[in-house]
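Trainee: Please take a close look at one part of this model, the empty space inside and the packing beside it.

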Amino acid sequence: MTRLAPPSIRFFCFPEGEMTTHELIARFLRALAAPSSERPVVVPLVEGKRIDQKTIRFATPNTSSSLTTFVRRPARLHLPHQAPIDCQIVEVGDDTITLETKAVVQQAHLSHARLQIGRHRFSEQLRQRLTELDARADECTLAARVFDPEATPIPLSAPLTPELQPTFNQAQQHAYERACRESLLYIWGPPGTGKTTVISAILATAVRQGKRALICSTTNAAVDHALAQTHAHLSAEHLDAILRIGKPSAEMRETISPLTYHAKIERLAGPLRKELEALHAERLELEATLGAIETKQELVRQRATLLRTRNHLETRLALLDAELTLARSTFMNGEAELARLQQSFLARFFSAWKRDCLLIEQARRKLALAGLERERQQVQAKLHAVQHALDTLPQQDVRSMTEHVENKRARLAVVLERIRVITHRLRHLNEEILSRASLIGATLMAAATNRLITDRSFDLVLVDEASMASLPQLFAALCLTNSQIILVGDFLQLPPIAGRERADSCLTCSIYQWNGIKQADHPLVAPLSLQYRMHPSIASLSGHLYRQRGLPYATAPGVEEQVRSLTDFAPFPGSSLVWLDTSTFGETIVTRDASHSPSNRCHAALALDLIEQFPARDRASIAIMSPYRAQVVLVRTMLEAASLPASVRVGTIHQFQGQQADLVIIDTTVTSRLERSFLCRETAGFSAETLLNVAVTRARAKVIVIGSASSVRHLSPETFLRTCLFHIERFGIIVDAEPMILAAPARLAKAS
């Protein structure tokens with residue numbers, strides 16, 4: 001087994017020279033602590049429903065980014081016609097978000113709102129994670145090697161067994177086989193070369209061979225495409241092994257949603273919650289039944305007592321009757337004796353005391369008789385009351401009733417135990433789902449900070465779109481493995497974007513720039529060279545950039561025929577490369593907003609007219625891109641007013657990295673002093689040629705550039721924009737835009 005270098009090893013690190021792992025982390029922490037000018041995350045909210053006075057649940061239908069990392073974090077809720085309300089994110093679902101506000105919200109229903117979250121929260125979470133990693137740098141050995149420009153290939157201690165891949169070309173097969181045996185590998189894949197295909201094969205192989213893998217990227221779309229293809233590779237027995245943490249991209253939501261953490265929680269929890277609901281209903285019924293039985297048992301016990309009381313009263317009544325009979329007889333005899341004495345002649349000879357004694361005795365007997373009669377009446381009344389109570393009480397066997405109670409209590413004990421088991425399982429479903437998952441997919445930020453991921457380790461961490469990965473995020477995510485790391489991307493695509501006024505170089509350079517990886521023959525690089533996406537003319541426009549780096553970028557046979565049906569459509573049928581020349585309009589049509597971002601109404605109007613000429617616009621994908629935000633806003637506004645199809649996407653070039661479209665319209669926006677524009681600027685953290693390379697390689701069938709050809713011709717020969725113009729002039733067509741203005745709808749004439 002090959003031993004990796006210990007965490008204290010010193011390695012060369014651009015641009016400071018040698019540093020330890022601890023020093024590398026300290027460098028990242030310093031960079032993240034710098035003042036930030038990043039724009040906040042703004043989430044559109046709809047269909048708000050108030051749960052209570054300070055809790056609202058909204059739908060988030062158009063949010064493609066994951067918000068799970070913001071749970072329990074503060075934010076600001078912007079309601080119509082109200083001042084912003086401070087709130088906290090309580091829960092995030094697939095299409096919902098629950099907020100707890102600090103102020104009382106009066107409205108019961110809210111049609112729309114906006115949630116604003118400061119991006120500095122990402123930095124706080126990342127700094128916390130890096131601080132944790134600094135305390136256990138021995139777990140970061142392999143991640144530290146990624147940041148060593150002098151790193152060399154090291155074989156895996158437990159290599160994967162390559163599986164048959166009959167559809168792979170030679171370069172893909174070579175990259176796949178290296179991924180099965182090397183612990184650190186860069187797969188360099190220019191646009192359309194099948195990076196996602198290779199990624200899915202690697203991940204499927206890892207899952208089938210019992211490895212735990214993590215796939216992450218800077219965008220949700222890249223993660224979702226990789227998971228979708230991997231899902232198609234796996235058999236039914238492994239399908240439950242894929243877990244997507246975070247919110248899927250809009251385009252892949254239908255495919256990926258069943259694989260998400262929330263969907264699996266609901267799928268497992270749904271039947272459990274239904275069973276729990278039924279058990280609670282049965283529990284209530286059992287408790288009510290037992291209560292009724294226990295009440296009846298008490299009545300039965302009361303009946304037994306009353307029966308004993310009745311028997312006692314009946315006995316007492318019989319005794320009283322006997323005593324009354326005797327007392328009446330004695331009294332009557334006394335009365336008779338007294339009468340006889342009074343009537344007898346001899347009575348006068350008796351002494352007075354004997355007569356008085358007899359009278360007193362008779363009075364006593366009379367009182368005793370009256371007392372006995374009163375007592376008999378009382379006993380009789382009690383006996384009637386007892387009998388009446390007995391008549392109203394149930395007559396049931398106490399033994400059978402006791403058995404019934406024991407059965408109900410036994411069932412209640414079973415129900416309560418099942419409720420306890422289900423409740424415990426619901427609380428630990430996340431652990432159950434994560435333990436089943438052999439392949440987890442998430443954005444790079446989630447991989448770096450989300451506790452569902454960071455509390456675990458993996459046999460393989462694969463990062464797609466590695467050129468755009470922020471180095472601190474990348475390092476934190478790579479520390480989740482000490483076995484194998486695969487970085488997939490294209491160093492001629494865009495580097496990370498850091499919205500910091502004095503951005504540190506480790507936040508603006510890619511891992512390729514950090515390690516000085518510029519050529520296909522680098523020992524850690526496995527290049528892919530055959531593209532399957534674009535029309536050959538489009539691919540050849542970027543081809544010379546790749547050939548300069550030692551990569552023979554070529555187009556697979558049959559691709560031109562696949563896209564010919566779209567290329568042959570208007571505008572400009574049969575041409576895959578078009579330059580729409582706006583030289584005649586001059587600089588006067590360009591305006592600038594408060595942030596000095598330029599916009600060009602004429603270019604925007606031309607772009608919309610081109611879309612209207614495209615007969616396949618309702619079923620084909622169309623992208624309009626500009627390097628300037630103000631122009632993007634203008635085009636979107638005009639697009640909405642023109643009611644063009646939703647398949648038309650508008651954004652900055654940065655926003656389209658990792659995406660593709662059948663028709664791509666590149667709007668240069670500015671028409672003079674181009675050497676100072678984004679399309680020609682070359683700085684330490686920015687390259688115009690990579691920006692244009694991204695723009696051009698988004699297209700499948702047709703690229704139309706709207707710009708001033710005369711201004712471009714005056715640029716330096718080394719400028720890639722000028723190279724693009726000459727390439728289009730040779731392999732495509734250059735069209736003067738003025739006739740389009742003259743023959744165009746009223747909005748073009750107005751814009752000009």
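Mentor: On a 1 Å grid over the protein atoms alone, a cavity is a set of points where a 1.4 Å probe fits but cannot get out, and a lining residue has an atom within 4 Å of a point. The model is predicted, so local features need pLDDT of at least 70 and side-chain atom pairs pLDDT 80 or more, while totals for chains, interfaces and linings use all residues. Residues are numbered from 1 along each chain as its sequence is written, and side-chain values use heavy atoms, without hydrogens and water.

There are 3 cavities of 30 Å³ or more. The largest has a volume of about 40 Å³, a volume being the space filled by probe spheres set on the points, which are joined across faces, edges and corners. Its lining consists of Leu541, Trp579, Ile666, Leu692, Val696, Val705, Leu721 and Cys724. Helices H21 (688-696) and H23 each give two or more residues to this lining; helices are DSSP runs of H or I, at least four residues, numbered from the N terminus. The lining divides into 8 nonpolar, no polar and no charged residues. Here Ala, Val, Leu, Ile, Met, Phe, Trp, Tyr, Cys and Pro count as nonpolar, Asp, Glu, Lys and Arg as charged, and the others, Gly among them, as polar.

Now the packing. H17 (residues 536-548) and H23 (residues 720-731) pack at about 140°, with axes 10 Å apart; axes are lines fitted to C-alpha atoms over the stretch in contact, and angles run from 0 to 180 degrees between N-to-C directions. Contact (heavy atoms within 4.5 Å) is made by Ser537, Ser540, Leu541, His544 and Leu545 of H17 with Phe720, Thr723, Cys724, His727 and Phe731 of H23. These residues divide into 5 nonpolar, 5 polar and no charged.

Conventions:
On a 1 Å grid over the protein atoms alone, a cavity is a set of points where a 1.4 Å probe fits but cannot get out, and a pocket is an open set with protein on both sides within 12 Å along at least five of seven lines; lining residues have an atom within 4 Å of a point.
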